[in-house]
Every structure is written in structure tokens, then in C-alpha cells.
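Here is a short tour for the bench, to be read with the structure open beside you. It starts with one helix pair and then turns to the DNA.

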Protein chains: 2
Amino acid sequence: MESKYDLIKQDIANKIIHGIYPASSYLPSENELCDLYGTSRETVRKALVLLLELGYIQKIKGKGSIVLDVSRFVFPVSGIKSFKELNQSQNMHSTTKVLTLEPRLVPTKGFGLDQNSELEATYIERLRTINDEPIIIDIDYVLSKVVNDIPKMAAENSLYEYFEDQLGLDISYATKTITVEEPTERQRQLLKIPPHKDVVVIRSMTYLNDTTLFQFTESIHRADKFSFVDFARRQKLKGH
Amino acid sequence: MESKYDLIKQDIANKIIHGIYPASSYLPSENELCDLYGTSRETVRKALVLLLELGYIQKIKGKGSIVLDVSRFVFPVSGIKSFKELNQSQNMHSTTKVLTLEPRLVPTKGFGLDQNSELEATYIERLRTINDEPIIIDIDYVLSKVVNDIPKMAAENSLYEYFEDQLGLDISYATKTITVEEPTERQRQLLKIPPHKDVVVIRSMTYLNDTTLFQFTESIHRADKFSFVDFARRQKLKGH
DNA sequence: CAGTGGTCTAGACCACTTT
DNA sequence: AAGTGGTCTAGACCACTGC
């Protein structure tokens, strides 16, 4: 995490965020950045590719790298982010209430598991509020094979912080699906859903760096409060 | 688009899709791939990074590159994809009916435009059906500054195909938001939405390679038919 | 024409995993 | 110790942009 290109990425990103490189202006050329950071061009280019993927810049051949207007992405639910991280990037008064924390088997259905194998896990149900309004119910199944003890404190604060900083787990990637569904009666009450209204459900399976399946998550959002913001690059697809 | 690393990426991706490199197995090592394709290691590595981002493989230091189970991603709405491309990856009977195609100004509200400037555009409204069921209404505002004539044929077939292949436009990136909203009466009728039911709205702004804003899109989905599938990698964020 | 980004090379050293 | 991926270098040639 302390590679040169990562530091260069951070430095340029900060300069963009703080307006030192304003939107619509050009970054210094790659050769100038080489001099600036005292590195080779490929290293600078690795940093720029990361900024490109994050939507910070656009590279134009023969011209340079243009700074994009990053202020649009005020509420990114893209990528894997924890509730706590989301709140820190915003400035909102939020609370987390742990409703349940107990051992349970992962339900084979619902997550599209083909196996009959019963997966032992810790079941965590949490209610999230923002500005005193209930917004999200988060349901986690954390596989006991990977983590067998979760203190209530960790669930109240941030599971990801506990897993990464305390346990040193290397959370790497996840698959997610977003659908709109009818809430259960319990969900309707907890989130104060009006009659006939649906909820947005984000189901995800999270994996560690070594491809170990690690947790199942169901995140149930009030539909009227739900917003998903994304930056996407076009992939020209070829062949098969 | 015919760079060595892109060809290597395609070749490996195809081998993964066709099971020549099965899920959970290791790819040949980077040095072996160098010999196989007759390139330097950095070139092979560029190809592998692309596969990593697409969720085809996972790299593990000291061990190798593992093939992930890519069969999960059967319905990716992630990235920028056209309806036609989506259908081709699936095998579904789909139709597109052009309801409206006429010059219009882009509505300043709705897309969060701060300007008072009135943007001239071509307005296109299309109804998408899958297996004879109405599923999506696509509304496009294509800026006249970039494209000033759109034949009805192009709208019936694929706008992206027309823009990219016929006009040679370089569509590069987009910002998207997903929300759940009450449909208009017209939308309710077209999509046959039951009373009290909402729709999913995907709004996007699409840009060309040179950062020119190019089109606004509103994609209105029947909530009960909506599904968004995504692969996401965790970003460890630092500093500010 | 000079400057820009895009691709590619051949090598180097490191950290990590396995035997 | 040998093999793996992770980082980095110093150079090369190309295609595109602008003047």
C-alpha cells in the first residue's frame, strides 16, 4: 500500500479534491510528473490509470490528462463500502442498532447456493438510521470458518474495521445484486414502510484475497431513500 | 484496440469462458505466459490486470492467478451497455418500438443541470419488450451539437451501434444514478404497472473520449423485472 | 515540428509461498 | 532455494495533437 504509484495517485487525487488541479484543467504532462515525483514514466502512468478508473481524470492521446468534475460523486455506493465509511464521506448523524447477534446456518435459498452443505455463521441484524430516520436493515452472515467470534462492539461500530484492522483479514472483492422486493412484515415495521411500498435489496457475497468466501449480506433499503451512484467506463467488447 | 495485451486478455478470457482454464484452477505463471505469447512480462501483466478488474481472475502473491467462477455474471447491467448488447449476451426474444423521435430541448431539471442554457437535442422514446412483455422505457436526449440527425432505423436497431460504427464516435464514460420512483400515468400504462407499484429509474449522462457531454438517458424499468448485477473490488482508502 | 499519451521491452530487486 | 506475483527503471518507437 505504500508503493510509489499509490502515493502519486493519492497526491494527485488530493490535489484534485482540493482544487489545486481544478476540473476541466490539464494535469502536468506525464514527463513533468516524472520530474515532479522523481520516478519513471511507467510508474506515473500506473498512478494515472488508477485515477482514470476512479473517474478523476480522462486521458486524451496527444493532448494530456483532463481533470473531471468529481464533485458529482457525492454519494457513491459503488465499490464495496461499509456504512461507516459512507457516513464519514458525508456529514450525517447516523446510528447503528444491533438487533440480533447469534450463531445461525446460512439459508441455502436466497443466496443461490446449490449445495446442501450447511454453512455455520454468525448472524447479525442491524438497523441503520440517518438523522433519526430508519433507512437500512443490514443482515450479515459471517462464516464461522473464517471468523468465529464477533463482539457486539464490533457490530455496533463497523464490521469491516473489525475484520480488517483487528483481525487483519484481506477483504478483496464481492458480487452484488440489486432488486426491488416486497418487505416482510418485520421489515415494514422496522423501516416504517407505508402500505404497498417496496424495498430495495442489495445482496452480496464477499470474498477474501485468497478467494475464500467470507460473508453473505442482505441490505434492505427504504425505496424512497435509496440512491445508487456509479461511474462507468465503456468496454468495447470483441470476439468470443 | 489491437494491442498485444488486449489480444492476450481476449485470448485468456475466451479460454476461461470455454472452460479451458476452469474455475478454481491456476493460470500459467506470468513467465510461462510470456513464453506462450512471446512478450515481456509487463505486457502479460497488463492483460492480467484487465482480467482482474473484470472479475475473471484473482491474483495471489507468491502463488499465482486463480480463475474465478465467471458463470455467476449472467446478467451484468454494470458498465455502459446497450440494450442490444445485453440481449446478445443472453438469448431472449426482444423487440424495440420507437414511440417518439423528434427535436426537443433537454429539460433543465431532472438531470441536475445548473445552467439556464437550453440544450438542443434529439428526443427518443422507446419501449423495450422481452418475451412479449413490456419491460423498459428508454428515453434519450442526444445533443444536436454532437449528432444532428438520427434515422429511425438507428433507433430501432441500436443507437450505440449507430454512434460508434457509423459515426465513429468515441463513447468513453458515464455517470449513473439508480432510484425508485412513482411512474407517470403514461409510464404506468406502457409498462402495465399495477396500482401502487413503483418503477426503477436509471439516469445517466454519457461522455465522449474528449469529455464532451453527449447524451442524457432515462431508463425506466418495471421494478419486478429489474435486476442489477455487479462485481466490485474493495478500495482501501487513505488520507485526504 | 515538438509535445503529448499508448505500447512494449529486458532487465532488476523485492516479498511472499512452497518444497 | 526456487517459483510466484509486485514494483520499478530507462529506454525505445508509435500515433495523435497542436502550431
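## Two helices of chain B

In this predicted model, six residues of α1(B), namely B:Lys4, B:Tyr5, B:Ile8, B:Lys9, B:Ile12 and B:Ala13, meet B:Thr43, B:Val44, B:Lys46, B:Ala47, B:Leu50 and B:Leu51 of α3(B). By class, the residues of this contact are 8 nonpolar, 1 polar and 3 charged.

How do the two helices lie against each other, and at what angle do they pack? The angle between α1(B) and α3(B) is about 50°, and their axes are 8 Å apart. That angle makes α1(B) oblique to α3(B). As for handedness, α1(B) passes α3(B) in a right-handed crossing.

## Around the DNA

Both helices turn up again at the DNA. α1 (4–17) and α3 (41–53) of chain B each supply at least two residues of the surface near DNA strand C, and so do α2 (30–37), α3 (41–53) and β2 (64–67) of chain A. Which element gives the most to this surface? It is α3(B), with 3 residues. B:Lys4, which you met in the helix contact, is also one of the closest residues to DNA strand C.

For DNA strand D, 21 residues surround the strand, and among the closest are A:Lys4 and B:Ser29. Here the elements giving two or more residues are α1 (4–17) and α3 of chain A, along with α2 (30–37), α3 and β2 (64–67) of chain B. The largest share of the surface near DNA strand D comes from α3(A), with 3 residues.

The table sets out the two surroundings.

| Strand | Residues around it | Closest residues | Classes |
|---|---|---|---|
| DNA strand C | 21 residues | A:Ser29, A:Glu30, B:Lys4, B:Thr39, B:Gly62 | 1 nonpolar, 10 polar, 10 charged residues |
| DNA strand D | 21 residues | A:Lys4, A:Thr39, A:Gly62, B:Ser29, B:Glu30 | 1 nonpolar, 10 polar, 10 charged residues |

Read by class, the helix contact in chain B has 8 nonpolar residues, whereas the surface near DNA strand C has 1 and the surface near DNA strand D has 1.

## Chain A as a whole

Stepping back, chain A holds 7 helices and 9 strands. How much of chain A counts as buried? Of its 240 residues, 25% do. Looking at contacts in chain A with a separation of 6 or more, 58% come from residues 24 or more positions apart.

Methods: Residues numbered from 1 in each chain as written. Chains lettered and ligands numbered in written order. Predicted model: local features only at pLDDT ≥ 70, side-chain atom pairs only at ≥ 80, totals over all residues. Near = placed C-beta within 6 Å. Helix = DSSP H or I, 4+ residues; strand = E, 2+ residues; numbered from the N terminus. Nonpolar A, V, L, I, M, F, W, Y, C, P; charged D, E, K, R; others polar. Axes fitted to C-alpha atoms, helices over the stretch in contact; angles between N-to-C directions. Parallel < 35°, antiparallel > 145°, perpendicular 65-115°, else oblique. Left-handed = near helix turned anticlockwise from the far one by under 90°. Contact = placed C-beta atoms within 7 Å. Buried ≥ 20, exposed ≤ 12 C-beta atoms within 10 Å, placed from the backbone.
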